[in-house]
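Here is a short report on helix packing and local backbone features. Keep the model in view while reading.

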Amino acid sequence: MTGHRPRKRLGQHFLRSRRHVERMIEAIKPAAGDRVVEIGPGEGALTWTLLECLDELHAVEFDRDLLAHLAAHNPGNLVLHEADALDFDFGALASDGRPLRIAGNLPYNISTPLIFHLLKYSAGIRDMHFMLQKEVVERIAAEPGSKVYGRLSVMTQYHCDVRALFNVPPAAFHPPPKVDSAVVRLCPRPFPKVAQDPAFLSGLVRDAFGQRRKTLRNALSGWLDADEIAAAGVDPGARAETLTVEQFVALANRASARRSAEP
């Protein structure tokens, strides 16, 4: 596509490298009957190649100029949704029970909130393949004890198996971003590590990482006291970045039980 100026406020960096499009397709392995949703198709670099493999492709795009370009070149099996992906109801596309396969080159400026939004629909998603800022992929895949292990790591790994696949250099995009990118695969688990109340888990993890230097005794004082933290099998003097996902689930379940027992 020519004539479209990438909009900085929308974080637009369009994939232009054929080699990396092919690597993305190899990772996704789309099949004819799959229900695939592409987020941010942009100029269509990935879109047109996906369409060669699929009976139908859904695409969520916010930019009206790009939508017009995609519509003008629609071979007939591209279903366009003019929407902000942060507000889009992905569950509606899986309402007939067919799981979604979601892919895209996500804008850097909304990638983290968008992943949190998508995790709400994890029960209806088969897998997700995203091209993201490399730093974000590192945070998603980080293990306890890592400097970049945080809320995004815990909540994504609670819902999904995570695998970082390959890196993508700035030269693969127009305009080139100032950072490296990477592709990650997220596969929601049918039965994730069970939190009795997912809302408690989300809130507790948020507060635990809210002030990273605080010990859990202080960071979670509004949720549990030191004895209750210890009763969940966790050291009250530990910091959030040292805990496993399972330990966060244990703390959240303890907090949920405490709340249920309150008069």
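The axes of H6 and helix H7 (residues 198-208) come within 9 Å and cross at roughly 160°. This is a predicted model. An angle over 145 degrees counts as roughly antiparallel, so H6 and H7 are roughly antiparallel to each other. Their crossing is right-handed. On the H6 side, the contact uses Arg151, Val154, Met155 and Tyr158. On the H7 side, it uses Leu201, Ser202, Val205 and Arg206. By class, the residues of this contact are five nonpolar, one polar and two charged.

**A second partner for H6**

H6 (residues 151-159) also meets helix H4 (residues 111-119), with axes that come within 11 Å and cross at roughly 30°. Angles under 35 degrees count as roughly parallel, so H4 and H6 are roughly parallel to each other. H4 passes H6 in a left-handed crossing. From H4, the contact draws on Thr112, Ile115, Phe116 and Leu119. From H6, it draws on Arg151, Leu152, Met155, Thr156 and His159. These residues divide into five nonpolar, three polar and one charged.

The table sets out the two helix pairs.

| Helix pair | Axes come within | Crossing angle |
|---|---|---|
| H6 and H7 | 9 Å | roughly 160° |
| H4 and H6 | 11 Å | roughly 30° |

**Around H4**

How many of the nine residues of H4 are buried? Seven are, so H4 is largely enclosed by the rest of the structure. The buried residues are Ser111, Thr112, Leu114, Ile115, His117, Leu118 and Leu119. They pack against several elements. Among these are the strands S2 (35-39), S5 (100-105), S6 (125-133) and S7 (160-168). Helix H5 (134-141) and H6 also pack against them.

S6 is mostly covered too, with eight of its nine residues buried. S5 and S6 run parallel and are joined by six bridges. In one of these strands, S6, His129 is the bridge partner of Ala103.

**Val184 in strand S9**

Val184 is found in strand S9. Is Val184 buried or exposed? Its relative accessibility is 0%, so Val184 counts as buried. Neighbours within four places in sequence are left aside in what follows. Val184 is then in contact with Met128, His129, Phe130, Leu132 and Val137. Val162, Arg163, Ala164 and Leu165 are also among the contacts of Val184. His129 therefore appears twice here: as a contact of Val184, and as the bridge partner of Ala103. Ala94 is 90 residues from Val184 in sequence. In space, the two are 22 Å apart, C-alpha to C-alpha.

**Two backbone features**

Which peptide bond is cis? The bond from His174 to Pro175 is cis, with omega near -10°. Pro175 lies in the loop between strand S8 (173-174) and strand S9 (181-188).

Lys29 has a phi near 55°, a positive value in a residue other than glycine. Lys29 is found in the loop between helix H1 (18-28) and S2. Exposed means over 50% relative accessible area. Lys29 has 60% relative accessibility, so Lys29 counts as exposed.

How values were computed. Residues numbered from 1 in each chain as written. Predicted model: local features only at pLDDT ≥ 70, side-chain atom pairs only at ≥ 80, totals over all residues. Heavy atoms only, no water. Axes fitted to C-alpha atoms, helices over the stretch in contact; angles between N-to-C directions. Helix = DSSP H or I, 4+ residues; strand = E, 2+ residues; numbered from the N terminus. Parallel < 35°, antiparallel > 145°, perpendicular 65-115°, else oblique. Left-handed = near helix turned anticlockwise from the far one by under 90°. Contact = heavy atoms within 4.5 Å. Nonpolar A, V, L, I, M, F, W, Y, C, P; charged D, E, K, R; others polar. Buried < 20%, exposed > 50% of the residue type's maximum accessible area, 1.4 Å probe, protein only. Pairing = 2+ DSSP bridges.
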